[in-house]
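Please open the model in a viewer and keep the selection tool at hand. The tour begins with the whole chain and then turns to a single residue.

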Amino acid sequence: MKSDFLKYQAQTTPHPLAMEVSHANGSYIYDTNNKAYLDFVAGVSATPLGHNHPKVINAIKQQLDKYLHVMVYGEYIQKPAVELAKLLAKNLPSALESTYLVNSGTEAIEGALKLAKRATGRSEIISANNAYHGNTMGSMSVMGYEERKQAFRPLLPDVRFINFNNEDDLELITTKTAGVILETIQGGAGFIEPQNGYLEKVRKRCDAVGALLILDEIQPGVGRTGKLFGFENYNCIPDILVMGKGLGGGMPIGAFTASSKLMNLLQDKPKLGHITTFGGHPVIAASALATLKEITESNLMAQALEKEQLFRKLLVHPLIEDVRGKGLMLAIITPSADITNSVILQCQDNGLILFWLLFEPKAIRITPPLTISNDEIIKGCTIIIDILNKIYK
Ligand SMILES: Cc1ncc(COP(=O)(O)O)c(C=O)c1O
C-alpha cells in the first residue's frame with residue numbers, strides 16, 4: 001500500500017508521515033498493525049469530537065438513508081443545511097445571521113473576499129504577514145509568506161500586508177480598503193494571540209474608513225479556545241466570519257457568515273454572486289449540525305480551558321521555550337527545528353500523534369479533540385517529556 005500511496009497519490013512533501021490507517025475511535029487512530037496512536041492533532045483541528053463520535057456517525061447514517069446531493073446550492077430547502085445555518089445564527093452575535101455553506105476553508109475565504117469587494121466597491125485587501133488562509137488563488141494571494149506563493153504569481157492585485165499586533169500598521173487601512181482579513185489567532189505563524197486589544201483597534205479602524213473586517217476562524221473556531229468562536233475572547237465582532245475545519249465534525253466544509261444585508265448583495269449585480277454545486281451538502285451539513293449541537297449543549301468549551309491548564313502544568317522542560325495559544329489550540333516552541341522534528345517523529349514511533357505548523361519550524365502543534373480526557377492528556381504529555389529527556393541528555 002505504501003508504494004502505491006507514493007506512486008499514485010500525488011505527493012507535495014518528500015517525507016509524508018505515511019501511517020497506514022485502519023480505523024479510528026475517540027482520541028485514537030489505529031494503523032493496519034493495530035497499533036494505537038493517541039491523537040494530539042485531531043486531523044489538524046478538524047475533528048473536535050474525536051473520531052467516530054456516535055452522535056455524528058448517527059446523524060450521518062440517518063441522512064444517508066434519506067438523500068445525498070439533490071440540487072446545486074441554494075435552490076431546494078434541505079433541512080440539515082437550514083438547521084445548521086439557523087443554529088449558527090442562534091449562537092452568534094445578531095449581526096451575523098446569514099450563512100453561505102461551501103466545501104472547504106479556502107473556498108469560504110474566496111467567498112468572503114468577494115463579498116467584501118462587492119459590498120464596498122473597492123478592490124484593496126489588507127492581510128497580515130505570516131497569515132495562512134488557504135491554497136486557492138485568492139486565499140493564496142492573502143497568504144503572508146512569499147516563499148510559498150512566489151512560484152504561482154501573478155496572484156490577486158491590490159493586496160497589502162500589515163504586521164499582526166502592530167498598531168502603527170493600522171494606518172495602512174484606508175478608504176481604499178475593501179476588507180481586512182485576519183486570523184483571530186494566527187495559526188501557521190505559531191499560534192499568535194492578538195495582544196493589547198489589537199482586534200478591537202482593527203475593528204475601530206475598519207469602521208472609521210468603511211472597510212469590512214473578515215475574521216478567519218477556520219482553526220480557532222468551534223469551541224477550541226473556550227468560546228464557540230475565538231473572537232468572543234477579544235471583544236471584536238467581524239463583518240464576515242469565516243469557518244471550516246472543525247465545523248464539519250470530520251467532514252469537508254467551509255462557511256462564511258455575515259448580516260443578511262451584506263449577504264443579500266450576492267443576489268444582485270451580478271445575480272448568483274457566488275456559486276457552488278456541493279456547498280450545503282446534506283450529509284455534511286448533518287454531521288456539522290450534530291457536532292455544533294454537541295459542542296454548544298455540552299460543557300466541552302469550558303473544559304477546553306481546564307485542559308489547557310493541565311497541558312501547561314505538564315509541558316515544562318528545559319527544551320520547551322514557550323507554550324503558545326489558547327484552550328486546546330496550543331503550540332510548544334522548542335529551541336530548534338531539528339528538536340521539533342525529532343520530537344514529532346519519535347512521538348509518532350511511541351504512539352503519540354503531533355504535527356508541525358506551516359511557517360514556524362520550531363513549533364509543535366497540539367490541537368487534540370475537545371473530548372480528550374485528562375488521563376489521555378497526562379499519557380501524551382508523559383511521552384513528550386520522555387522524548388525531550390532523551391534529546392536533552
Ligand atoms: C486559518 C486557516 N484558514 C484557511 C484554511 C484553509 O482551509 P482548507 O484547508 O479547508 O481549505 C486553513 C487550513 O489549514 C487555516 O488553518
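The stops below proceed from the overall fold to one side chain.

The model is predicted: local features need pLDDT of at least 70, side-chain atom pairs count only at pLDDT 80 or more, and totals for chains, interfaces and linings use all residues. Residues are numbered from 1 along each chain as its sequence is written, and side-chain values use heavy atoms, with hydrogens and water left out.

**The whole chain.** Select the chain and display it as a cartoon: 12 helices and 15 strands appear, these being DSSP runs numbered from the N terminus (helices H or I, at least four residues; strands E, at least two). The radius of gyration is 21 Å, close to the 21 Å given by the globule rule for 393 residues, so the chain is as compact as a globular protein of that length. Both values follow a definition: the radius is taken over C-alpha atoms, and the rule is 2.2 Å times the number of residues to the power 0.38. Along the principal axes, the C-alpha atoms fill a box of roughly 60 × 55 × 45 Å.

**The interior.** Colour the chain by accessibility: 52% of the 393 residues count as buried, meaning under 20% relative accessible area with a 1.4 Å probe, protein chains only.

**One residue.** Next, select helix α11, residues 337–349, and find Gln348 within this helix. Is Gln348 buried or exposed? Gln348 counts as buried because its relative accessibility is 12%. Finally, show Leu17, Met19, Lys35 and Tyr37, which Gln348 touches when residues up to four places away in sequence are not counted; contact means heavy atoms within 4.5 Å.

Key:
Buried < 20%, exposed > 50% of the residue type's maximum accessible area, 1.4 Å probe, protein only.
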